[in-house]
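Here are a few exercises to work through with the model open. Try each task before you read its solution.

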Amino acid sequence: MGGKRPIRVLIAKPGLDGHDRGARVVARGLRDAGMEVIYTGIRQTPDRIAQAALQEDVDVVGLSSLSGAHGHLFTRVVTALRERGLDRVLVVAGGIIPGEDHGSLREAGIEAVFTPGATIREIVAFIAERVGRESGE
Amino acid sequence: MDDALCQAKRAWEEGELAKTLARAGEGKEQYQTASGLTLERLCTPLDLPGFSYVDELGFPGQFPFTRGIQPTMYRGRTWTMRQYAGFGSAEETNRRFRYLLEQGQTGLSVAFDLPTQVGYDSDHSLAEGEVGKVGVAIDSVDDMAALFEGIPLDKVSTSMTINAPALVVLAMYVAVAERQGVPAAKLSGTVQNDILKEYVARGTYIFPPRPSMRLVTDVFHYCSENLPEWNTISISGYHMREAGSTAVQEVAFTLANGIAYVDAARQAGLDVDSFGPRLSFFFNAHSDFFEEVAKFRAARRLWAKIMRDRFGARNPRSWMLRFHTQTAGSTLTAQQPDNNVVRVTLQALAAVLGGTQSLHTNSRDEALALPTEDSVRIALRTQQILALESGVADSIDPLGGSYLVESLTRKVEQEALAYLERIDALGGAVAAIERGFPQDEIHRSAYRAQIELERGERKVVGVNCFRTAGDEGGGEDLLRVDPAVERRQRERLAALRRERDGQAVAEALAVLGRVARDPGAGLFGPVLAAVRHRATLGEVCGVLRDVFGEFEPPSDV
């Protein structure tokens, strides 16, 4: 095991959007890549997501929204994480997110935005590189 | 004759075919449909053993309706072109509706925002950021009146994608019709009202399954007496397919839910022929062309048998599976988005050759955002070109009799029947959903499709082959919902609460609470009374939440 624990990831669906095919596929893909993944289920508030991230001691939070509410909700999740002192948690996102919003999301602390067509492979590679640990070690 | 055919086929296989295969192989070892059904190199009458034209196909408008539900199909009336639309405020959506009607659309289809779909008013804390985003925000009968301003409700048919609060929203529609002077009996349209697939795939549930089934059957009951032209439910495979199901699973889980609704209505004391003719369906049109055509035909044949033989329906209209189709949103790509116009055309063609009654064609930019007016127009024009230029609608069920399509129709039917037996063994669709059976099956199929895509076994042009640099679409041409909509909607609500007769609202809601506690009582009347007094959607659903409780999804993954 090399003394290192696997990368822990929380996949979360903030807001009222019920489309979670992408969130589930990514959750399962990351798990198959050796990460430990918790999926919150749909309809989570930013506070509940941040609380779960704290309790589960995760390295990464992956947010998904297809409803167009990403600007409001993702920013709120980052704020809620920071309020709990989770400054080092990597936050990434996916869903139906127009390119022109990616810049403002990055400024808000979302470090990558994966849109339709993104592969599990590239998401795994990004997380592994950023968290600085080989997954599944 | 079959002996001669067998011999001829063997001679061909051992002769020309073998020689060609020896020189050059084929692209793949095995060919399958997108759903994993095995595809033969060539289909012949040998692939349809025991085929009986009269029993399996019959004639259009006759049991088992494999070839279509109307004797003249599109010669008598073309399919309804019905684009799903809604965003921002009621006024903005009303403008989009009028635009679509001017462009030749023949029916309306309302998209509601998520707070409306889960029964929260626009000023609820959980509505923050979601108001007007995926559809129009409707809080009260006043919003509903603004949505249909200048659109006479006795002249259009309206489909409303609303499920958990379907009864409440339909009551608002009836109340708006009253304001227009249109009697309920003249209203035609559809409420989706299909709660079971919300638990499986779409996620806009509110109440637990059993009280939700009471709301569903209450709509059946009220409409059978008051809205005879209304489709009381649209039993939907669309969203399960979008969530990742195969074509076979789409048919099986949709019809399983249909069986559960018929069972529930019969348990509530309704005669199957009193509501059977008003049940309607909603399917997805995906890209695997022949499989999709076969899917629609198989679904029609299966439902006819279920209604006649399982439920003893006697009215032929109860046997007919009438359906709406939407092209597959999940097949649209963000890369090279103009290619989506071609995907949509193929999918729409499959729906038409499958005998759909109405059709929504997706817009090319929907992997990026809600569609712009230009994109929606191209999508609508796609249907008009199919209907008026291609000739595909001029002869009924033109793929009927194709050895391939008939054998695929049989395969979809047989595999769907096997699922229906498994679901019956689990105690029916409601029990199966509570155990997560269809959910698990769909999640597995979705993951398998993604793995196949990443391995390159499943090709998507522009995504895992034929990519071009800088091909991500979007940017300045996307539709943006005005962020001020949320604030304006809150202000409107505040004004409504000040101006209306608060006493009358409180009394109407108290009556509703009492009625809801009596499991045998009808809810439509008291809800209609409350919304006439301008009780809000959130207030009505709040009363029902107090009585029925809320659904907690089983934890998983």
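**Exercise 1.** In this predicted model, work out how many residues of domain 1 of chain B are in contact with domain 2 of chain B, and how many answer from the other side.

*Solution.* Start with the contacts: 26 residues of domain 1 of chain B touch 18 residues of domain 2 of chain B, counting a contact when the C-beta atoms lie within 7 Å. Next, look up the bounds: the domain assignment puts domain 1 of chain B at 64-455 and domain 2 at 496-548. Then check the spacing: their C-alpha centres are 28 Å apart.

**Exercise 2.** Find which helices of chain B each supply at least two residues of the domain 1 side that touches domain 2, and sort the residues of that side by type.

*Solution.* Go through the helices: H5 (141-147), H6 (166-180) and H8 (209-226) of chain B each give at least two residues to that side of domain 1. Now sort the residues of this side: 16 are nonpolar, 5 polar and 5 charged.

**Exercise 3.** Over in chain A, trace the strand order of the open sheet of 5 strands, then say which strands stand at the edges and why one side of each has no neighbour.

*Solution.* The order reads S2-S1-S3-S4-S5 in chain A, with parallel pairing. S2 (36-39) and S5 (112-114) of chain A each have a single partner strand, so one side of each lacks a neighbour in the sheet. From one strand to the next, the twist averages 20 degrees.

**Exercise 4.** Pick out the bridge partner of Ala12(A) in S3(A).

*Solution.* Take the strand pair to begin with: S1 (residues 8-12) and S3 (residues 60-65) of chain A run parallel over 4 bridges. Ala12(A) has Leu63(A) as its bridge partner in S3(A).

Conventions. Residues are numbered from 1 along each chain as its sequence is written. Chains are lettered from A and ligands numbered from 1 in the order in which they are written. This is a predicted model: local features need pLDDT of at least 70, side-chain atom pairs count only at pLDDT 80 or more; totals for chains, interfaces and linings use all residues. Two strands pair if DSSP finds at least two bridges between them. Axes are lines fitted to C-alpha atoms, for helices over the stretch in contact, and angles run from 0 to 180 degrees between N-to-C directions. Domain bounds come from an automatic or database domain assignment. Two residues are in contact if their C-beta atoms, placed from the backbone, lie within 7 Å. Ala, Val, Leu, Ile, Met, Phe, Trp, Tyr, Cys and Pro count as nonpolar, Asp, Glu, Lys and Arg as charged, and the others, Gly among them, as polar.
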